[in-house]
Amino acid sequence: MSTVTSIADVGTLARAGRIALPLLDWATSRLSVDSARLEKLVTRVEPTLSLRNVRARVVGIHLETHDTKTYVLKPNGRFRGFRPGAFLSLRVVIDGEPVVRSYSISSGPASSGLVAITVKRVDGGAVSNWLFENLAVGDVVEIGQAQGQFVLPEVVPARILMISAGSGVTPVMAMLRHVTQLAARPRTTFLHFARSPKDVIFGDETAQIAARSSSVDVTVCVENADSSWTGPRGRFSADLLEEVAPDFREIPIYLCGPAPFMAAVIKALEEAGCDLAHLRYEQFTAGVDVSRLLTTSSLLRFTRSGVETVVSKQRTILEEAEARGLRPEHGCRMGVCGSCRCTKNSGIVIDVTTGLESGEGAESIRPCISIAKGTVSVDL
Ligand SMILES: Cc1cc2nc3c(=O)[nH]c(=O)nc-3n(C[C@H](O)[C@H](O)[C@H](O)COP(=O)(O)OP(=O)(O)OC[C@H]3O[C@@H](n4cnc5c(N)ncnc54)[C@H](O)[C@@H]3O)c2cc1C
Ligand code: FES
């Protein structure tokens, strides 16, 4: 067995083919190496290289609106691609602390190895504002593999309705870009809501798509606008839906936007007698009231950090850990990205999204959507 000992060895490995990942995999499987050390050496030689992680270089940044930017990323060879509608976890280091957030991919899958995310600044938000102010072309970030169930099927239906609001446009934009590249284009209705014309993300591109494609209808509705706005105004309404897609009861619907908007759309669909089996949706923020699930106090032990606490306010395990000064990794805080996963050693937890109780033994849990029932010990 050979041993990789110096940065020069790693440099040789990396340079031996700029498509160095297969070589790196071979080296780590055949040579006697300390993988943590090799990972550090490798990223010093080429920041996008990694033994196991997907790293991506920022190759473009576009200002979409006054508060939203698209970041175009070129991932290393470990990225396995994506289906339109999927999201990924983005990990950046802010003030020395690694932070993870989930972002839908806004580009279509046929974007020549590139992947774009489009991020709207959130008031007081840590990551969205940091990205807007700091991320620059040439920087390298870590991303996860694409994931999520809110994706177009392999065989795209012949008729689709897409409804979005605000930054919820991002996954449906990936879908729209994809369907317009298909040989057999589905008849697509795209209905988007924004606060005002200046808040409409991808407004020019969707208008251009509608102008050149007879299979796509685009309607943008804003709440506030001056007299120059010629499109519809106001919030989502069943009347507008009837007008733009009178067949909405029978066709697949893809919905994404802020929680209150989605609740209003789903209520309107139900009231209109729509079969909700046709509905696919993605939520960017959680809206769960955990206090309704438990009324008694519980004892939580964080075994790795040696912290023990009585939980009386029925916070999720993630919130309780943070309240005790721990900094567990997390992303979406709503059970979808998996970045908070950790081991529950013992005790019962309740999944706040389903109300279901776990078993008592050791198992993997998502602390962002779990609350403790009784005495629970978690490896955090
Ligand atoms: C599947 C998925 C896909 C997504 N796709 C996109 C996308 O394509 N584009 C996009 O823009 N977003 C997307 N999001 C949302 C994104 O993940 C982030 O939630 C968003 O960018 C805000 O992150 P942040 O770090 O800026 O805000 P955070 O720091 O997480 O803060 C969020 C809110 O909580 C408040 N807050 C923070 N800390 C506290 C505190 N201690 N006390 C009280 N309030 C507090 C903030 O003021 C802010 O209003 C997606 C989310 C999911 C789950
Ligand atoms: S933070 Fe995403 S699953 Fe828990």
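Reader: What makes the pair formed by the backbone nitrogen of A116 and a polar atom of the S107 side chain a polar contact?

Author: The distance between them is 2.9 Å. A polar contact is a pair of N or O atoms within 3.5 Å; within protein, one must be able to donate a hydrogen and the other to accept it, and residues adjacent in sequence count only if both atoms are side-chain atoms. At 2.9 Å, the pair of A116 and S107 is inside that limit, so the term applies. This is a predicted model, in which local features need pLDDT of at least 70, side-chain atom pairs count only at pLDDT 80 or more, and totals for chains, interfaces and linings use all residues. Residues are numbered from 1 along each chain as its sequence is written, chains are lettered from A and ligands numbered from 1 in the order in which they are written, and side-chain values use heavy atoms, with hydrogens and water left out.

Reader: Is S107 called buried or exposed, and why?

Author: Buried, because its relative accessibility is 7%. Buried means under 20% relative accessible area, exposed over 50%, and partly exposed in between (1.4 Å probe, protein chains only). S107 is in the loop between β4 and β5. Helices (H or I, at least four residues) and strands (E, at least two) are DSSP runs, numbered from the N terminus.

Reader: Which residues is S107 in contact with, beyond its neighbours within four places in sequence?

Author: F82, L114, V115, A116, A174 and R177. Contact means heavy atoms within 4.5 Å. L241 is another matter: S107 and L241 are 26 Å apart, C-alpha to C-alpha, and 134 residues apart in sequence.

Reader: What makes T68 buried?

Author: Its relative accessibility is 0%, so T68 counts as buried. T68 belongs to strand β2, residues 68-75. Its side chain has a polar contact with the side chain of T65, at 3.2 Å. Setting aside residues up to four places away in sequence, T68 touches H62, L63, T118, V119, K120, F132 and I201.

Reader: Why is helix α5 described as mostly covered?

Author: Eleven of its eleven residues, 169-179, are buried. Among them are V169, T170, P171 and H178.

Reader: Which residues are the closest to ligand 1?

Author: R101, S102, Y103, S128 and T170, out of 23 that surround the ligand. A residue is near a molecule or strand if one of its heavy atoms lies within 4 Å of it.

Reader: Where are polar atoms of S102, S128 and T170 relative to oxygen atoms of ligand 1?

Author: For S102, a polar backbone atom is 2.6 Å from a ligand oxygen. For S128, an N or O atom in the side chain is 2.6 Å from one. For T170, the distance from a polar side-chain atom is 2.7 Å. On its own, ligand 1 has 980 Å² of accessible area, and the protein covers 66% of this. Accessible areas come from the Shrake-Rupley method with a 1.4 Å probe; for residues, only the protein chains shown count as cover.

Reader: Where does ligand 1 sit?

Author: In the largest pocket. A molecule sits in a cavity or pocket if more than half of its atoms lie within 2 Å of its grid points. The grid is 1 Å, over the protein atoms alone: a cavity is a set of points where a 1.4 Å probe fits but cannot get out, while a pocket is an open set with protein on both sides within 12 Å along at least five of seven lines, and lining residues have an atom within 4 Å of a point.

Reader: Which elements give two or more residues to the shell around ligand 1?

Author: They are β4 (97-104), β5 (115-120), α4 (126-134) and β11 (279-283). The largest share, four residues, is from β4.

Reader: What is notable about phi of D95 and of R333?

Author: Both values are positive in a residue other than glycine: near 50 degrees for D95, near 60 degrees for R333. D95 lies in the loop between β3 (87-94) and β4. Its 77% relative accessibility makes D95 exposed. R333 lies in the loop between α9 (317-323) and β14 (342-351). At 31%, R333 counts as partly exposed.

Reader: Why is I209 called buried?

Author: Its relative accessible area is 1%, so I209 is buried. I209 is part of helix α6, residues 203-212. Its touching residues, not counting those up to four places away in sequence, are M173, L176, T180 and V216.
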